[in-house]
Amino acid sequence: MKKNRQPKQYPRLTHPLVRDTNGQLRQASWDEALERAAAGFRRTRAAYGPDAFAMLSCARATNEMNYVAQKFTRVVMGTNNVDSCNRTCHAPSVAGLSAVFGSGGGTSSYEEVEHTDVILMWGSNARFAHPIFFQHVLKGIRNGARMYAVDPRRTSTAQWAESWLGLNVGTDIPLAHAIGREIIHAGLVNRAFVDRATTGYEAYAELVEPWTLSAAERVTGVPAAAIRELAHAYASAERAQLCWTLGITEHHNGTDNVRALINLSLLTGHVGRWGAGVQPLRGQNNVQGGGDMGAIPDKLPGFQDILDTEARTKFETTWQTVIQPRYGMTLTEMFEAMEHGTLKAVYCIGENPAQSEADSEQAARRLAALDHLVVQDIFLTKTARMADVVLPATAAWAETDGTTTNSERRVQRVRAALKPPGEAREDTDIICAIAQLLGHDWKFADSKEVWDELRALSPDHYGMTYDRLEEHQGLQWPCPSEQELPSSFLHARLWETDPARRGRAAEFGLVQHDPPVDLTDGDYPLRLTTGRRLDSYNTGVQSGSYASPLRRGEYIELCPEDAERLGVARGEEVRVVSRRGAVTAPVWIDPALRPGLAFMTMHFPDEVDTNRLTVEANCPIAGTAEFKASAVRVEKTAVVAVRS
Ligand SMILES: Nc1nc2c(c(=O)[nH]1)N[C@H]1C(S)=C(S)[C@@H](COP(=O)(O)OP(=O)(O)OC[C@H]3O[C@@H](n4cnc5c(=O)[nH]c(N)nc54)[C@H](O)[C@@H]3O)O[C@H]1N2
Ligand SMILES: Nc1nc2c(c(=O)[nH]1)N[C@H]1C(S)=C(S)[C@@H](COP(=O)(O)OP(=O)(O)OC[C@H]3O[C@@H](n4cnc5c(=O)[nH]c(N)nc54)[C@H](O)[C@@H]3O)O[C@H]1N2
Ligand SMILES: [Mo]
């Protein structure tokens, strides 16, 4: 039997929709839809108070939209419950970097990777997931840089590396500690930097002491010689860049993983200098900017802490409001609050949590139990199909004016180049229209007016006028002055000899190995890790509608040895079962995998909902789920399907 597995085509939203008395979504006028959206928020606030509301803000939309979305949450609804998919993604990077350096941004510019000597790509498949950055990496390699790839799979990125360290999933801390120990024992520590700019070195040296090369080889599966080579290459390099992504962060101890990597940069002084740095490559086009704009529960725009009374007072004066002096709920906590029935209304802008959350069946059940769900998107997603009101937005990347901020903290202008379809309206306009219905006289003439309000409140952005952004083709934060150009890298202060100018010391993280929560055993013997392919994007909403013979759709990927042992052939439909649920998917055989390891994407949830399998085991510091480590078994099914 031949199954049709063409990816689902999502219709572009052209008109507002509201849920009718018969339970179906039907087309509505803007007036009716906005009034329904506002009435639900008004009702929730009156009955349950401000904290029964939460906003999910779109990491693909502009800075201006994210600024207005968090302002709506704080001023109109009176809560700090605002978050986004940053939580499922790089929240551990932000938490780890902030704890060590006082700022959550990556430290370097893309260009620096072209002029560095050693590049560590750790838990990152940049060749697929960050192709623009990877062009800079390739230039670096052409200029003589050596790249080391640390990934359980021999990925497309790893194929460009000098050496691939194929570690067991969830063993990054032992590997990092063994590298640290080797650097110490080989006398390659940058003592001058460590003494001057860091604290906690002695305790760190003691902590990593048990992680000999052979102890690490036993736990990580990486040969001792390969660990030693990487340690010497990284520590001896004049300049080195350490880049990581979700292979590090999407674990129940993601923030600890990040700290373990940052330790290596402190040990060697590979930070705070041009060409050397630590760099989480961010996920969405504007996930950096969303956080910078305060669309996170603990920070006001410009990373100003909610608990900082002076900062709060400044915003309260400009916004004419009272801001709650406590952190709001993270995305993770919002889903827990839905379970407990304390979160009643959600305004979800450009996110598809019904399919992107770990343990998606549980997530969808929680969303369905809300009193009031408003979804504002460009496509009719699964989450939108569950909503009471659906509002059609313009696409930030082609139909909207504003700015976005990339992984190197560069703010760049985007412009409306296409006419939006049907009655779609700009995200910012829609939020303002709802704010007006809730009694706030909000009007912005254009995106520049929003940006100028933000600039006046955020010292890091103050120097970036639209004119200057245009003139310099983007500027990186921090940019406090309208006259000077910002530095392209962060934390040069750590190299200052004068302690007053050097500021707070960077602290070694004393983190311990903690294996994945979802253990493999006789019933669930395979380690499933999930991630991305070049040809598709996240939950498939935005990439779903293009069909190409190069696109494979969803498979469970196994190594040849496991496929043979299980007696399954390429293309054969199998059941994949975890402790949460089961899906049916065809088999793909991939020698890039190591025995015991299986791989699936998250790109085709309407055909194969991979997140039914994943586990909601969250990092206690950042709230990120362990998408990268589930335990599964593969069962043969009777039907053998042939894929087209
Ligand atoms: N083409 C494409 N590009 C994208 C996206 C997309 O969907 N498609 N999504 C964007 C988004 S939102 C993000 S956040 C980024 C993500 O970008 P990446 O993080 O690079 O993408 P992933 O494939 O999720 O995961 C990276 C790697 O982590 C490895 N890994 C798994 N477990 C472990 C582990 O325990 N240790 C280590 N060291 N590695 C491990 C996986 O094998 C995988 O190769 O990509 C962005 N870019
Ligand atoms: N199994 C597994 N699950 C994962 C991950 C994994 O590695 N494995 N990774 C996690 C990560 S890193 C991420 S970031 C999340 C992503 O999770 P989500 O953010 O929930 O998923 P996306 O598919 O990126 O959804 C983006 C939505 O934004 C809409 N959109 C795009 N542009 C605009 C705009 O300008 N305005 C509006 N209003 N809407 C717009 C799109 O139509 C789409 O519906 O998934 C997480 N889930
Ligand atoms: Mo992401």
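These are my notebook entries on the two ligand sites, a pocket and the cavities of a predicted model.

**Entry 1: ligand 2**

I began with ligand 2 and asked which residues come closest to it. The shell holds 36 residues, and the closest are Asn352, Asp377, Ala396, Thr539 and Asn611.

Next I looked up polar contacts made by side chains. Ser356 places a polar side-chain atom 2.8 Å from an oxygen atom of ligand 2. For Asn538, an N or O atom of the side chain is 2.9 Å from an oxygen atom of the ligand. Arg532 has a polar side-chain atom 3.1 Å from a nitrogen atom of ligand 2.

How much of ligand 2 does the protein bury? On its own the ligand exposes 930 Å², and the protein buries 99% of that. I then noted the elements that give two or more residues to this shell: they are α16 (353-356) and β14 (372-377).

By class, I logged 15 nonpolar, 14 polar and seven charged residues around ligand 2. At the domain level, domain 1 (17-82 + 285-476) and domain 3 (526-640) each contribute at least three residues to the shell.

**Entry 2: ligand 1**

I moved on to ligand 1, which has 33 residues around it. Ala129, Asp151, Thr245, Arg532 and Ser536 come nearest. I was pleased to meet Arg532 again, as it also has the polar side-chain contact with ligand 2 noted above.

The contacts I noted here involve backbone atoms. A backbone N or O atom of Ala129 sits 2.7 Å from a nitrogen atom of ligand 1. Val150 also offers a backbone N or O atom to a nitrogen atom of the ligand, at 3.4 Å. For Gly123, the backbone N or O atom is 3.4 Å from an oxygen atom of ligand 1.

I checked burial here too: ligand 1 taken alone exposes 910 Å², of which the protein buries 97%. At least two shell residues come from each of α4 (126-129), α11 (246-249) and β20 (526-531). My class tally for this shell reads eleven nonpolar, 16 polar and six charged residues.

Why does ligand 1 lie between two domains? Domain 2 (91-280) and domain 3 (526-640) both give residues to its shell, so ligand 1 lies between them.

**Entry 3: the second largest pocket**

I turned to open space and found about 500 Å³ in the second largest pocket. Its lining has 28 residues, with Arg87, Asp298, Thr330, Ile621 and Ala622 closest to the centre.

Which helix gives the most to this lining? It is α3, with five residues. I also noted α13 (287-292) and α15 (331-340), which each supply at least two residues of the lining. The lining divides into 13 nonpolar, nine polar and six charged residues.

**Entry 4: cavities**

I closed with enclosed space and counted four cavities of 30 Å³ or more. The largest cavity has a volume of about 80 Å³. Its lining includes Arg87, Glu357, Glu616, Asn618 and Phe627, and Arg87 also lines the second largest pocket. I logged four nonpolar, four polar and three charged residues around the largest cavity. Domain 1 (17-82 + 285-476) and domain 3 (526-640) both contribute to that lining, so the largest cavity lies between them.

The second largest cavity holds about 40 Å³ of space. Among the residues lining it are Pro7, Lys8, Tyr10, Thr539 and His603. I recognised Thr539 from the list of residues closest to ligand 2. The lining of the second largest cavity divides into four nonpolar, four polar and three charged residues.

Key. Residues numbered from 1 in each chain as written. Chains lettered and ligands numbered in written order. Predicted model: local features only at pLDDT ≥ 70, side-chain atom pairs only at ≥ 80, totals over all residues. Heavy atoms only, no water. Near = heavy atom within 4 Å. Polar contact = N/O pair within 3.5 Å; in protein donor to acceptor, adjacent residues only side chain to side chain. Areas by Shrake-Rupley, 256 points an atom, 1.4 Å probe, with all protein chains shown as cover. Helix = DSSP H or I, 4+ residues; strand = E, 2+ residues; numbered from the N terminus. Nonpolar A, V, L, I, M, F, W, Y, C, P; charged D, E, K, R; others polar. Domains from an automatic or database assignment. 1 Å grid on protein atoms, 1.4 Å probe; cavity = no way out; pocket = protein on both sides within 12 Å on 5 of 7 lines; lining within 4 Å. Points joined across faces, edges and corners; volume = space filled by probe spheres on them.
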